[in-house]
Amino acid sequence: AKSEGKSRWAVYDPERNAREVARFRLSATMPAALEREEFFVDYQPLVRLADNAVVGVEALVRWRHPEHGLLSPDRFIGLAEETGLIVQLGRWVLEHACQQASRWQREFGPAAPYVSVNLAARQSRDPGLVNDVESILRDTGIPPTGLQLELTESAVMGTADDQLDALRRLYEMGVRIAIDDFGTGYSNLAYLRRLPVHELKIAGSFVEGLRAPDKPADPVDKQIVGALVTLAHALGLTVTAEGVETRAQAERLRDIGCESGQGWFFARPGPPETISRFLREGLF
Ligand code: C2E
Ligand code: CA
Ligand code: CA
């Protein structure tokens, strides 16, 4: 049975074996897929809750696979981390996102949004990171403040202190640093003293209880979000709430003190043209 196969690895489990083979095949085709430009980037607005202005956009990678169709990052990012290809894939995303940012910069000037790019743990440890970012900024002409890097708590925790120097240098250059999925990782906040940060992104799981329009916010979730916002502000950081799916949530988060929100209530991730339309015409 499946449950047995999970705990007793020595037992041959055909289902598990098939999954492993599929994963292996997928990872083996990734380098060629990168060459053939099968990956692309969608963008999702980061919205200022005070006035619903699009102040930033998160770059989210997708894979248009010739056989399997559209693959979400959950299907292949983990694989890319295991094989190490995440360093190349991540650099590719960074480059594309900055090129897109420079188009918005040309069209919208100072009203152009910053682009927020996810950085895998392996990338934060890559000795070429600072050089890559510097040359991409130089080539695309966007200012360092036009770029944000998102790291999860576990990525920061899993990175040795001297390897965080690269991120400290990027921070000093003006590149924005955000902690992704804040609150879901280590409950140990020591990393906030190891790494300079601009922004905390509160994971969607904490804002779920603020969702329903027809009943009061869940008191525990409300207290947790309130405490995270208080902590962030005490440290001089801003807060973006993720997974905002309803108007009620957006309003409650604004009232609690979150600066920005991200989620389906505002917009799903989509092509850059959709973001351009939001920037011209507003979200609603
Ligand atoms: P994440 O960084 O936490 O990104 C937010 C995820 O939440 C995205 O999933 C987004 O589509 C989804 N989302 C946005 N609004 C809502 C909402 O209102 N409700 C719900 N339920 N979900 C919402 P996506 O695009 O499937 O990405 C999944 C994860 O893959 C990301 O989670 C990130 O960890 C990773 N990822 C995506 N692109 C990259 C990349 O270029 N590099 C790396 N290293 N990781 C990436
Ligand atoms: Ca993210
Ligand atoms: Ca997140």
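What volume does the second largest pocket have? In this predicted model, where local features need pLDDT of at least 70, side-chain atom pairs count only at pLDDT 80 or more, and totals for chains, interfaces and linings use all residues, residues are numbered from 1 along each chain as its sequence is written. Chains are lettered from A and ligands numbered from 1 in the order in which they are written, and side-chain values use heavy atoms, with hydrogens and water left out.

The second largest pocket has a volume of about 230 Å³, a pocket being an open set of points on a 1 Å grid over the protein atoms alone where a 1.4 Å probe fits, with protein on both sides within 12 Å along at least five of seven lines, and its lining being the residues with an atom within 4 Å of a point. Among the residues that line this pocket are Ala22, Arg25, His65 and Arg75, and helix 2 (residues 14-35) contributes the most, with five residues.

The largest pocket encloses about 1,000 Å³ of space and is lined by 40 residues, with Glu58, Leu60, Asp74, Asn118 and Asp180 nearest its centre. Elements giving two or more residues to this lining include strand 2 (53-65), helix 4 (86-108) and strand 6 (176-182).

The largest nonpolar core, a set of buried Ala, Val, Leu, Ile, Met, Phe, Trp, Tyr and Cys residues joined through side-chain atoms within 4.5 Å, where buried means under 20% relative accessible area with a 1.4 Å probe and protein chains only, has 84 residues, and Phe39, Trp104, Leu147, Leu167, Ile179 and Leu253 have the most contacts inside it. Helix 4 gives the most to this core, with 11 residues.

Technical notes
Points joined across faces, edges and corners; volume = space filled by probe spheres on them. Helix = DSSP H or I, 4+ residues; strand = E, 2+ residues; numbered from the N terminus. Buried < 20%, exposed > 50% of the residue type's maximum accessible area, 1.4 Å probe, protein only.
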